[in-house]
Amino acid sequence: MARECIITIYLFVFKILFNIFKLFPLKNKTTFVVSFGDNSLYVYKELRKKEYSGDIVFLNSKGVKFKGSDKENVKIYHFETYHVFDTFFSIYHLATSKHILIDNYYGFLSTVKFKEGVVCTQLWHAAGAIKKFGLLDPSSETRSKRANKRFLKVYNQFDKIVVGSDQLAQIYYEAFAASKERILKTGIPRTDLLYDQAKGEKKMNKIMKKFPALENKKIILYAPTYRESDLHSFELHLDISLMVEHLGEEYVLLLKLHPAVKGQYTLPEHLSDSVIDCSGLFKVNDLLFVSDYLITDYSSIPFEYAILEKPMIFFPYDIESYEKERGFWQDYTEFVPGPVAFHTQEIIDILLNQSFDYEEIRKFKEEWNEYSQGKSSENLVNTLFFNED
């Protein structure tokens, strides 16, 4: 109840300021509102490549990092933080930009009305989905009517929703109550990297330089989904000692844990030669290039990893409780493009026996990356900004 009151007050103030700033004329300006960053950064770089003449603003809500040269070309503000002045200017830019690009759910959309001619585009932050979200998120049953009404208002603000496949479009029809006219089939911008062999080799070399122990090894990447319970007591359910014992020196395991659990896990020193904690050091998409195998559970990483046509193992050790809490779009074990294991020994056996169906991986790749073919950023920028289909 207290949370709802705080949100209501915040949105009320936001609406007043937004309506004041709407009195100013629209400018040839694009404002990105970012939580995850990758999709937005790829679109931004394509705009620069195309010599976009408008101003560019980034409203940064989760600490997206920019290179020095990028900072010179954009205005960057902290968004939805305690930076009062940044919030003030953020609202001004939202009210005076012709293009708004977002990559997440933002409550402020429920309380504003953009001027005619403004296009709000949802980039989202994944190329596919295993777990439910949006209107079909099981948690909506426990939300207040006010909160659910607010969520629907937010989804109705998406003029365009970017997808990489018809499969993802189908999910958005349900998750965001989207119509076909709002779906933009230009591909997911961040997947462009996975088609760029030169950039891939550059990133691989950078990782190898940082971790020389990876040379001439079979590299396994373990990237588990973040769970709310991890905040209070994180536990690595993968028995890495058992893996090292059975797989031997031929393999190296990379751990990519969520930033929220940083500091809650310490890698045992005796395993440091065979296990490397990469959490916070490299973006997960960069690690995809160097890894030979992926172990994950409910994340969206497989939709992108499939582009590289590399094998995956799915480790949903808490599938019953997770399905009840979050829900899946399809039957999990039938849907995922790789063997499912519930215990570490099963994972070891799969790796040693190489129990992978590469045709299944290729089929998954084609279905979920139908429009993501290496030129997604260019397709999107041409469609939104230069009216080229």
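These are my notebook entries on a predicted model, covering its aromatic pairs, charged pairs, cysteines, one helix and one tyrosine.

**Entry 1: aromatic rings**

I began with the rings, and my count came to 45 aromatic pairs. I picked out Phe 14 and Phe 108, which are stacked, with 5.1 Å from centre to centre and 20° between the planes. I then looked up where the two sit: Phe 14 is in helix α1 (residues 2-21) and Phe 108 is in the loop between β4 (97-102) and β5 (119-122), so this pair ties together parts 94 residues apart in sequence. Both Phe 14 and Phe 108 turn out to be buried.

My next pair was Phe 21 with Phe 24, which is tilted: the centres are 6.3 Å apart and the planes make 45°. Are these two buried or partly exposed? Phe 21 is buried, because its relative accessibility is 8% and the cut-off for buried is under 20%. Phe 24 has 39% relative accessibility and therefore counts as partly exposed.

I also noted one aromatic cluster made of Tyr 105, Trp 124, Phe 133, Phe 151, Tyr 155, Phe 158, Tyr 172, Phe 176 and Trp 329.

**Entry 2: charges over rings**

Staying with that cluster, I looked at Phe 151, one of its members. Arg 143 lies over the face of Phe 151, 3.8 Å from the ring centre. I found another case at Tyr 42, where the charged end of Lys 45 sits over the ring at 5.8 Å from its centre.

**Entry 3: salt bridges**

Side chains of opposite charge can pair when their charged atoms come close. How many salt bridges does the count come to? I have 12 salt bridges in my notes.

I looked at Lys 283 and Asp 38, whose side chains meet in a salt bridge at 3.2 Å, N to O. Lys 283 lies in the loop between β10 (275-277) and α9 (284-290), while Asp 38 belongs to helix α2 (residues 38-49), so the bridge ties together parts 245 residues apart in sequence. Lys 283 is partly exposed at 44% relative accessibility, whereas Asp 38 is buried, with a relative accessible area of 14%.

Next came Arg 227 and Asp 297, a salt bridge with its closest N and O atoms 3.2 Å apart. Arg 227 sits in the loop between β8 (218-222) and α8 (240-247), and Asp 297 in the loop between β11 (293-296) and α10 (301-305), so here the parts tied together are 70 residues apart in sequence. Both Arg 227 and Asp 297 are buried.

For a bridge inside one helix, I turned to Arg 362 and Glu 359, whose closest N and O atoms are 3.5 Å apart. Both lie in helix α14 (residues 358-368), three residues apart, which is about one turn of the helix. An α-helix has 3.6 residues a turn, so residues three or four places apart point the same way. Arg 362 is partly exposed at 31% relative accessibility, and Glu 359 counts as exposed at 51%. I followed the shared partners and found that salt bridges join Glu 309, Glu 359, Arg 362 and Lys 365 into one network.

**Entry 4: cysteines**

How many disulfides does a search of the whole structure find? My answer is zero disulfides. I checked two cysteines for burial anyway. Cys 5 is partly exposed, with 40% relative accessible area, and Cys 120 is buried at 0%.

**Entry 5: helix α4**

Helix α4 (residues 84-96) has 13 residues. I get 19 Å from its first C-alpha to its last, close to the 18 Å expected at 1.5 Å a residue. Which residues of α4 are buried? I listed Asp 86, Thr 87, Ser 90, Ile 91, Tyr 92, His 93, Leu 94, Ala 95 and Thr 96. These buried residues pack against α1, β1 (27-34), β2 (55-60), β3 (75-78) and β4.

**Entry 6: Tyr 332**

I finished with Tyr 332, which lies in helix α12 (residues 332-335). Tyr 332 is buried at 3% relative accessibility. What does Tyr 332 touch, not counting residues up to four places away in sequence? I found Ile 130, Asp 297, Tyr 298, Phe 314, Pro 316, Ile 319 and Val 340. Asp 297 is also the salt-bridge partner of Arg 227 from Entry 3. Finally, I compared positions: Tyr 332 and His 93 are 239 residues apart in sequence and 42 Å apart in space, C-alpha to C-alpha.

Key: Residues are numbered from 1 along each chain as its sequence is written. This is a predicted model: local features need pLDDT of at least 70, side-chain atom pairs count only at pLDDT 80 or more; totals for chains, interfaces and linings use all residues. Side-chain values use heavy atoms; hydrogens and water are left out. Rings of Phe, Tyr and Trp (its six-membered ring) pair if their centres lie within 6.5 Å; planes under 30 degrees apart count as stacked, over 60 as edge-to-face and the rest as tilted. Helices (H or I, at least four residues) and strands (E, at least two) are DSSP runs, numbered from the N terminus. Buried means under 20% relative accessible area, exposed over 50%, partly exposed in between (1.4 Å probe, protein chains only). A charge sits over a ring if NZ of Lys or CZ of Arg is within 6 Å of the ring centre and within 35 degrees of the ring normal. A disulfide is a pair of cysteine sulfur atoms within 2.5 Å. The expected span of a helix is 1.5 Å times one less than its number of residues. Contact means heavy atoms within 4.5 Å. A salt bridge is a side-chain nitrogen of Lys or Arg within 4 Å of a carboxyl oxygen of Asp or Glu.
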